[in-house]
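Colleague: Could you take me through the open sheet and the helices that pack on it? Please spell out the criteria as you go.

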Amino acid sequence: MIKLKKLLALTLCFVLVLSFTGCDKPQEITEEGVVATVNGQQITQEELDMNYGFYIKMNPTVTKEDMLDKLIMDILMVEAAKKGGITVTEQQVNEEMQNFKSLNNSEEDYQKFLKDNGLTEEFLRSEIEKEYYINHYLTTEMDKFSNPSDEELKKIFDEYKMQEEVRASHILVNTEEEAKAALDRINKGDKFEDVAKDVSIDGSAATGGDLDYFSRIRMVKPFSDAAFSLEVGDVSEPVQSEFGYHIIKLTDKRTDESKTVETERQTLTQYYSYLKYNEMLDNLKNEADIVIK
């Protein structure tokens, strides 16, 4: 289930921004070494490469296009934070730098971390300052979406047919090639559960990929769209989400008439926040002057 804290964490750590790809290209940039401008602020190739080299170690599915989108959204959220009166002092950045350094056993270990990840201290300091702005901005904005009306919750309940549920198993891997290889094994006769136990990187691998019953809003959209389009017994082609590539097997469908807006209030409230979060980021992009080389 998508939770607000997870959404914020994914945004700051890069995963959720994967859903905001595909900026328009209204004109070309001629400055050497510049890959994009956002409201006149430049993103350089060096900055893109350094971020990409760092984040791909945390998420092997990240592409440079994804990374560029993150950098664009970072600029927009920092701008929005400053316009909203959020400030960060040098002392606060220094304190966060010291907190980070303290995670290493020694100065030597800290310097080794920078070297191993292709980072500079200046880059790390700028990232800490940036994430401070973004974290406080998101926390402030998301507080506005924490108390939806009954009418808003009922609209989500009806639109997403909350009484409809499916049960599915899945195999999650990092690359499309791995997903195709897993699907090939299944098509040749291997049991889905055995392949899941062998190759899936998800915690459900231990139970053969079983995810139990879920509604549409409990999974990320690409996954839900694929799962709810299957018939019982069907196995999907590879499905990409921000977590990697999935092979999905539908094992059951049911209607749970005991579900009401009241019984699902917590889930609906969380999903309402998720929708408003996406709307907020879309608005930032739509109102910005973004030029990609």
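Modeller: Val239 has His246 in S6 as its bridge partner. S5 and strand S6 (residues 244-255) are paired in the antiparallel sense, over three bridges; two strands count as a pair if DSSP finds at least two bridges between them. Strands (E, at least two residues) and helices (H or I, at least four) are DSSP runs numbered from the N terminus. This is a predicted model, in which local features need pLDDT of at least 70, side-chain atom pairs count only at pLDDT 80 or more, and totals for chains, interfaces and linings use all residues. Residues are numbered from 1 along each chain as its sequence is written, and side-chain values use heavy atoms, with hydrogens and water left out.

The open sheet has four strands, in the order S4-S3-S6-S5, with antiparallel pairing. Strand S4 (210-214) and strand S5 (239-241) are at the edges with a single partner strand each, so each has one side without a neighbour in the sheet. On average, neighbouring strands here are turned by 40 degrees against each other, direction ignored.

Two helices pack on this sheet, in contact by heavy atoms within 4.5 Å. Helix H9 (residues 192-199) touches strand S3 (164-173) and S6, and its direction makes about 50 degrees with that of S3. Helix H10 (residues 221-229) touches S3, S4, S5 and S6, and the direction of H10 makes about 50 degrees with that of S6. Axes are lines fitted to C-alpha atoms, for helices over the stretch in contact, and angles run from 0 to 180 degrees between N-to-C directions.
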